[in-house]
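Visitor: Hello! I would like to learn how to look at a protein model, starting with its strands and then stepping back to the whole chain. Could you show me one?

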Amino acid sequence: MTKPSLPELLHAAVAAVGGTERPGQVSMAEAVAEAVDDNAHLLVQAGTGTGKSLGYLVPALAHGERVVVATATLALQRQLVERDLPRTVDALHPLLRRRPQFAMLKGRSNYLCLHRLHEGVPQDEEDGLFDQFEAAAPSSKLGQDLLRLRDWADETESGDRDDLTPGVSDRAWAQISVSSRECLGATKCAYGAECFAESARERAKLADVVVTNHALLAIDAIEGAPVLPKHEVLIVDEAHELVSRVTGVATGELTPGQVNRAVRRAAKLVNEKAADALLTASEGFERVMELALPGRLEEVPEDLGYALMALRDAARTVISALGGTRDKSVQDEDAVRKQAMASVESIHGVAERITQGSEYDVVWYERHDRFGASVRVAPLSVSGLLREKLFADRSVVLTSATLKLGGDFNGVGASLGLAPEGTAGDDIPQWKGLDVGSPFDYPKQGILYVARHLATPGREGSRTDMLDELAELVEAAGGRTLGLFSSMRAAQAAAEELRGRQDKPILLQGEETLGELIKNFAADPETCLFGTLSLWQGVDVPGPSCQLVIMDRIPFPRPDDPLMSARQKAVEEAGGNGFMAVAATHAALLMAQGAGRLVRAMGDKGVVAVLDPRLANARYGSYLRASLPDFWYTTDRNQARRSLAAIDAAARTAE
C-alpha cells in the first residue's frame with residue numbers, strides 16, 4: 001500500500017473536526033513536515049483562524065516518532081486532548097494503518113496526592129500530621145472544598161486538578177497535593193501503585209504524542225533530571241509565552257514567612273543545635289527584610305549578604321542532620337521529613353545562588369501589600385539556556401499568531417537564543433521563519449485608529465482627555481468594547497468614570513472570575529469588559545459582542561521593573577539598542593496579542609483604538625505598527641466614530 005500524502009492526511013483531519021482547509025494551514029503543515037524530516041528548526045507565525053493545531057499535529061502524527069507538544073494555556077491543552085487529537089487520530093487511522101496514542105503530562109503538584117488525602121498534612125507546629133478534613137469547619141469555604149475533593153477522589157480517573165469542575169482554592173488544593181520535592185516516591189509510598197501522577201507519567205511513556213505545558217518543559221530543561229519522556233520532535237505552541245514561562249521557573253524567591261515555615265517543619269526532626277542555628281538565621285533575615293525597599297540590588301547589601309550566608313550555612317547543617325536522624329515518635333515520619341527537607345533545600349538553594357552573585361543573575365527586593373517583602377533572583381537572560389537545552393538533540397517547531405515583530409522573526413529568535421535567520425556556524429542552531437498569514441482580510445475587516453490628538457501619557461496622573469475619548473468611542477460602538485489597560489489602576493479608573501457617565505454595563509477584571517467575566521461579556525453586546533494583562537491574550541469572543549478593542553497606552557514595561565531594566569541595560573552595555581531590544585519588543589508582542597482579540601471569525605468587523613499618540617508620532621511607532629495585523633490605518637477621530645456607528649447599526653439590524 002502506498003504511503004498517504006500529507007495533503008490527503010490533512011484533508012481527512014480537517015473534515016473530521018468540521019473545519020475548512022486554509023492555504024496557510026497547508027503551507028504550515030508542509031513546512032513542519034520538512035523541518036521534522038530534516039531534523040531542523042522552524043518558527044512559524046500562523047494568524048488566528050489558520051487552524052495551526054492541525055497544521056502541526058498532522059505532520060507530527062504522520063512522522064511516527066514521539067512528539068512533545070508544549071502549550072502555555074490550559075484552554076489549548078484541553079482543546080488538543082479533548083477535541084483535536086481524538087478526532088485527528090480517528091481520521092488518520094484508516095490512512096496511516098496505525099492508531100497513535102496521546103497523553104497529557106503536567107507537574108506533580110497538579111495531581112491529587114492519595115497519601116496526603118488519606119494520611120493528612122505534616123503540621124508545622126507539632127509532631128505528626130493533622131487531618132485537614134477535621135481541622136476545617138464543614139461550613140467554611142475551605143471545609144466545603146476539602147469535602148468535595150474527598151468525594152471527587154473516589155470518582156476521578158486522572159486526579160488532575162483541571163478536571164475538577166468547579167475548581168477549588170489554591171489553599172484547599174495545597175492540602176491534598178505535593179511538589180516533586182515533597183513526594184515520597186512511588187516505591188516508598190503506600191499509595192504508589194494507585195498514584196495519579198505516576199499513572200500520568202506511565203501513560204506519557206507509552207504515548208506517541210505527549211501534551212504538556214511550558215512550565216514542565218522549562219523544569220525538564222533546567223533541572224537536568226528528565227521529567228518528559230525521550231522525544232524526537234518538540235512543538236511549542238503559544239511560543240510567544242515561552243521566554244516568560246522559562247524565566248518564571250528559573251526565578252528564586254525568599255520571604256520571611258517561607259523561612260519561618262521551614263524552621264517549624266525542621267525543628268522537631270534535627271538536634272537542638274542545628275534547629276537553633278536555623279531559627280537565629282531566620283530571625284536575622286526577617287530583621288533585614290523589615291527595612292527592604294522595592295527595587296534592584298546591583299550589589300547585595302552587606303546586611304542582606306550576612307543574613308543570607310547565615311541562612312545558607314544553617315540550612316546546609318539542617319539538611320545533613322535531616323538525613324541522619326530518625327524519630328519514631330513522629331507519625332508518618334517519612335512524609336514529615338520529606339516536606340521539611342523540601343522547604344530547607346529550597347531556602348538553601350536561593351540563599352546560595354544570591355550570595356554567589358553571578359553576573360548573569362538579577363537580584364531585587366519586592367514588597368507586596370499582603371505578603372510583605374521578598375528578595376528575588378532571576379536570570380538576566382534565558383536565551384543561552386534555551387539554545388543549549390532546547391535546540392540540541394531534536395527538531396523544534398515554535399508557533400504562535402505573534403512571532404514576527406517589526407517585520408521579521410529575529411527579535412523573538414534572539415530571545416530564544418537563536419542567531420539571526422541564515423547565520424551559519426558549527427555551534428549555531430539553523431532555523432527558518434515562515435509567516436503563513438491569516439484567512440482574514442484585515443484591511444477590510446478592521447481599522448487601526450490611533451488617537452494622535454491626545455496628550456502623551458505620563459507615568460502617573462489622570463488622563464482626562466483619554467477618558468473623554470474612551471467614553472465617546474464606547475458610545476459610538478454601542479458598547480461591544482474590550483478595554484485593555486496597562487495597569488489595574490487605569491482599568492479601575494476607566495470603569496469608574498464610564499459607569500458614572502453612561503448606562504452600558506461595564507465589567508471589571510477582579511470583580512468576578514475571568515471565565516465568568518468573558519462569558520457575560522460575550523452574552524450581551526452592550527456590555528464592555530475592562531482589565532489588564534490576562535485580557536490582552538486570553539479573550540476569544542467572535543461576533544458582535546467585541547467590535548471595539550481599546551488600548552489605553554503602549555504597554556512598555558514599567559521603568560522600575562528590575563528585570564526588564566536590567567536586561568535593557570545589558571543590551572546597551574553590549575553596544576545594542578536596549579530600548580528596542582527589550583521595551584519595544586515587549587510592547588510589540590503585547591499589542592499584537594491585544595489587537596488579535598478583534599477579528600476572531602470571517603464575519604467580524606471592528607476597530608482597534610490606541611489612545612496613545614506615540615504610536616503615530618514616535619520613531620518606534622512604525623516598528624510597533626508593523627507588528628500588528630494589517631488593518632486599515634487612520635488617525636481621524638471622526639472616521640473612527642462613523643465606522644463604529646455603522647458597524648453598531650449593522651449589528652443591531654442583524655440581531
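Visitor: Which residue in strand 10 does Gly-295 stand opposite?

Guide: Happy to help, and please keep in mind that this is a predicted model. Strand 9 covers residues 295-296 and strand 10 covers residues 361-368, and the two pair in the antiparallel sense over 2 bridges. Within strand 10, the residue opposite Gly-295 is Tyr-365.

Visitor: How many residues does the hairpin from strand 10 to strand 11 pass through?

Guide: Strand 11 takes in residues 372-379, and strand 10 pairs with it in the antiparallel sense over 8 bridges. One facing pair to look for is Trp-364 with Arg-376 in strand 11. The hairpin that joins strand 10 to strand 11 runs through 3 residues.

Visitor: What is the bridge partner of Leu-254 in strand 11?

Guide: Strand 8 covers 252-254. It runs antiparallel to strand 11, and 3 bridges join the two. The bridge partner of Leu-254 in strand 11 is Val-375.

Visitor: Which strands stand at the edges of the sheet?

Guide: Let's put the pieces together: 4 strands form an open sheet with antiparallel pairing, in the order 8-11-10-9. An edge strand here has a single partner strand, so one of its sides is left without a neighbour in the sheet. The strands that fit this description are strand 8 and strand 9.

Visitor: What is the omega of the peptide bond from Thr-165 to Pro-166?

Guide: As background, most peptide bonds are trans. Pro-166 lies in the loop between helix 7 (141-155) and helix 8 (170-174). The bond leading from Thr-165 to Pro-166 is cis, and its omega is near -10°.

Visitor: Is Arg-97 buried or exposed?

Guide: You can find Arg-97 in the loop between helix 4 (74-96) and strand 3 (102-104). Its phi is positive, about 65°, although Arg-97 is not a glycine. The cut-off for exposed is over 50% relative accessible area. Arg-97 has 62% relative accessibility, so it counts as exposed.

Visitor: And Glu-238, is that residue buried or exposed?

Guide: Glu-238 sits in the loop between strand 7 (233-236) and helix 11 (242-249). Its phi is also a positive value, near 50°, in a residue other than glycine. Buried means under 20% relative accessible area. With 13% relative accessibility, Glu-238 therefore counts as buried.

Visitor: Now for the whole chain: what is its radius of gyration?

Guide: The protein chain contains 27 helices and 20 strands, and its C-alpha trace spans about 75 × 70 × 60 Å along the principal axes. For 655 residues, a compact globule would have a radius of gyration near 26 Å. The value for this chain agrees with that, at 27 Å.

Visitor: What percentage of the contacts between residues at least 6 apart in sequence join residues at least 24 apart?

Guide: Start with burial: of the 655 residues in the protein chain, 52% are buried. Contacts can then be sorted by how far apart the partners lie in sequence. Among those between residues at least 6 apart, the part joining residues at least 24 apart is 76%.

Visitor: How far apart are the mean positions of the positive and negative charges?

Guide: Carbon and sulfur atoms account for 49% of the accessible surface of the chain, which comes to about 29500 Å². As for charges, the protein chain has 71 positive and 92 negative ones. The distance between their mean positions is 2 Å.

Conventions
Residues numbered from 1 in each chain as written. Predicted model: local features only at pLDDT ≥ 70, side-chain atom pairs only at ≥ 80, totals over all residues. Heavy atoms only, no water. Rg over C-alpha atoms; globule rule 2.2 N^0.38 Å. Buried < 20%, exposed > 50% of the residue type's maximum accessible area, 1.4 Å probe, protein only. Contact = heavy atoms within 4.5 Å. Areas by Shrake-Rupley, 256 points an atom, 1.4 Å probe, with all protein chains shown as cover. Lys, Arg positive; Asp, Glu negative; His and termini not counted. Charge placed at Lys NZ, Arg CZ, Asp CG, Glu CD. Pairing = 2+ DSSP bridges.
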